Amino acid sequence: MHSKRIFNISLLLPALFFLLVFLLLPVLLLIVTAFRNQDADMNLLPGYTVSRYVLIFTTPSYLNAIVMTIGIALLTTLICLVAAYPAAYLLTHARNRTVHAAFYVILVSPLLTSVVVRTFSWIVLLAQNGLVNQFLEKMGIIHAPLSLLWNMPAVIVAYVQVMLPFAVMPLVTTMGDISPSLSKASMSLGVGRVRTFFHVTMPLTIPGLVSGGVIVFSLTAGSYITPLLIGGGRQPFLSLLIYQQAIQLMDLPMAGALSTVLMILVFVIILPIEILLKRWEAKVYG
Amino acid sequence: MSFIEIKDITHCFSSSPALDHVNLKIESGEFFSLLGPSGCGKSTLLNIIGGFLNPTGGHVLVDGNDITDLASHHRQIGMVFQSYALFPHLNVFDNIAYGLKIKKLKKAEIKERVGECLELVHLEAFADRMPHHLSGGQQQRVAIARALAIRPSILMLDEPLGNLDALLRKEMQVELRTLQKRVGITTIMVTHDQEEAMSLSDRIGILRNGRVQQVGTPIDIYRRPVNEFVAGFLGQVNLTHVVQNENSPNLFRSTEWFHSNDAPVELLLAPENVKSIDGGGLVMLRPERIHVSFCQQDISPNHVNAIIRSITYVGHAVYLTIAFDGGGELNLNVPDPLFIDPPKINQQVHVSWTPEDLLMVSEEEK
């Protein structure tokens, strides 16, 4: 028994080591750096300060970025979850293995494509002389090309494309676990297909909904490549500000402070949802 | 209360027929069982009656109205599933109230009707429990209460006791039967368990390979099965092929059972039990109808000497396999107190039966 436990722990060690050294430690350093004093040439000085946080929470542009980041991440999550239901339903109710496999490949294809390829396909599609504009002009619907790229809607569409698989996959798992006799039972009790979905299927997929939502939300809130390439870096996202501070301005403490704010915001939003989910699961499944 | 007619129902899954021209009539207030081995089509038929499957051909009529094309949620059929299918996110009260809330009944009326149903299944104290806090038997009763709450015209039970342990199953059988008689609702049960079907049903329909083999009361089909399959499915049975004696229409010679002198065992059948085609056929004999004694007697029709080959003692009875001197075996089921000394292997016995115990049955179609 004892040796088995030691064996199990030793299996965990490599992953634990990586997590500790390459994630936890840098994050801690980041948080500490964000409080360090700094001279005009950005050299770190002894002593600590909260001035950066004061700056973040008193500057309208930073506050705007916070609201925008969380708002767009929530919107993306919402769109992904709504779009994920039909996809998950199709995948769970696939007629046979081949159809299921085909749906699955289509679903995960954005994840298998390089971010550069994916992004430039969007540019090919949405640019001033891109496919969409050419098509609309040929059809005579528009006379001058629309500017479809470098704006917020384009960023959101690109986000949804990348994040959708993360929302669908947990939903497929939970939906597959629901016994088909539950919806049969519901229908035998006089409840139609649509209302059965809302009264039985949807409540029982809450765990998948939450885990998919949490993944999409946290990934979206922290992503910077998509807004940088599709949005041209013009939207006020915290992730873009962090990128500017760290890479362009070399102001690591400020980047650290912004990162800490982003981390805490995401955490503060996810935590209560996870707690509610645990309570719900305890109530329903004991 | 409603009566159901199943008219010429045929259903094919990718060309192979799961149901082949099934005709049944289920009387109002009757407890009817569809009995058969797995894959016989009984679940397909249940799904067709429940509206979860559109039959390839044929009609389902309730009280004379064709419901074949009616959506399942308009059929007013209460269903109880083998897995109970309780909604795990709703407590007992809300599970039972589920069908009522959809109908937009007033709160007070819902409460009253759920209360009635809980009382019916003796679960008044469990209204606030979540399904996972209930035992299998309690979940089963909630499922029944939920199905009855919508006051359906028909109750359908899909292997309702399949997930319960043996002791609880006996208990629930009695309870289910009492409940059904009290409510008086037309009930269709699907099961592969012949004992369950026999103890609960007014009538049983036996299905095999998508065809109805026989319909009748439990006594009817056990005592007078129409064919080899029904005979064997309802309990143990001894079968032998026979040829008719030229001189006497009720006397047959077994082609598989022989005396020590290689003379075939002669079987005298009651005239009403003869159903001979071309002077031969298949004769059945239930193991519990065979009388056994240890003293030698004259050999005459329906009296044979044999040797005990195997003994299985199960407490209330002894199962014996005996071999005739010249070939052929017979299974016996003897109540325990019949033996003062336990029987021994290779012991000589004398077995006999009456002409009424022998019945000709049709051979299984191959």
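This is a short talk on a two-chain model, covering the contact between chains A and B and then a few places within each chain.

Hi everyone, and thanks for coming. One thing to keep in mind from the start: this is a predicted model.

Let's begin where the chains meet. How many residues does each chain bring to the contact? Chain A brings 24 residues, and chain B brings 22 residues. The size of an interface is often given as the accessible area lost when the parts come together. Here, the area buried between chain A and chain B is about 2,000 Å², and carbon and sulfur atoms give 68% of it. If you'd like residues to click on, try Lys184(A), Ser188(A) and Leu189(A): together they supply 32% of the area that chain A buries against chain B, more than any other three residues.

Which elements of chain A give two or more residues to this side? They are α8 (180–188), α9 (193–204) and α13 (252–285). The largest share comes from α8(A), with seven residues. Sorted by kind, the residues on chain A's side divide into twelve nonpolar, nine polar and three charged.

What about specific pairings across the interface? The rule finds zero salt bridges between chain A and chain B. For polar contacts, the count is five residue pairs, with both residues at pLDDT 80 or more.

Now let's stay in chain A and look at helix α10, residues 206–222. At 1.5 Å a residue, its 17 residues should span 24 Å, and the end C-alpha atoms are 24 Å apart, which agrees. A good part of this helix is worth colouring by burial: among the buried residues are Pro207(A), Gly208(A), Val210(A), Val214(A), Val216(A) and Phe217(A). Further buried residues of α10(A) include Gly212(A), Gly213(A), Thr220(A) and Ala221(A). And what covers them? The cover includes α3 (60–92), α7 (152–177), α9, α12 (238–248) and α13 of chain A. You may recognise two of those names, since α9 and α13 also give residues to the side that touches chain B.

Over to chain B, starting with helix α1, residues 42–50. Eight of its nine residues are buried, so the helix is largely enclosed by the rest of the structure. The buried residues include Leu45(B), Leu46(B), Ile48(B) and Ile49(B), and also Lys42(B) and Asn47(B). Right after α1(B) comes Gly51(B), with a positive phi near 85°.

Which other residues of chain B have a positive phi, although they are not glycines? One is Lys104(B), at about 60°. Lys104(B) lies in the loop between α2 (92–102) and α3 (107–120) of chain B. Another is Arg151(B), at about 50°, and this residue is in the loop between α4 (136–149) and β7 (154–158) of chain B. As for surroundings, Lys104(B) is exposed, with a relative accessible area of 67%, while Arg151(B) is partly exposed, at 49%.

My last stop is Val265(B), in strand β13 (residues 264–268) of chain B. Is Val265(B) buried or exposed? With a relative accessible area of 1%, where under 20% counts as buried, Val265(B) is buried. Leaving aside residues up to four places away in sequence, Val265(B) touches Phe252(B), Arg253(B), Ser254(B), Trp257(B), Phe258(B), His259(B) and Val304(B). Take Arg253(B) from that list: Val265(B) and Arg253(B) are twelve residues apart along the chain, with their C-alpha atoms separated by 6.0 Å.

That's my tour. Thanks for listening!

Technical notes:
Residues are numbered from 1 along each chain as its sequence is written. Chains are lettered from A and ligands numbered from 1 in the order in which they are written. This is a predicted model: local features need pLDDT of at least 70, side-chain atom pairs count only at pLDDT 80 or more; totals for chains, interfaces and linings use all residues. Side-chain values use heavy atoms; hydrogens and water are left out. Contact means heavy atoms within 4.5 Å. Buried area is the accessible area (1.4 Å probe) that two parts lose on being put together, summed over both. A salt bridge is a side-chain nitrogen of Lys or Arg within 4 Å of a carboxyl oxygen of Asp or Glu. A polar contact is a pair of N or O atoms within 3.5 Å; within protein, one must be able to donate a hydrogen and the other to accept it, and residues adjacent in sequence count only if both atoms are side-chain atoms. Helices (H or I, at least four residues) and strands (E, at least two) are DSSP runs, numbered from the N terminus. Ala, Val, Leu, Ile, Met, Phe, Trp, Tyr, Cys and Pro count as nonpolar, Asp, Glu, Lys and Arg as charged, and the others, Gly among them, as polar. Buried means under 20% relative accessible area, exposed over 50%, partly exposed in between (1.4 Å probe, protein chains only). The expected span of a helix is 1.5 Å times one less than its number of residues.
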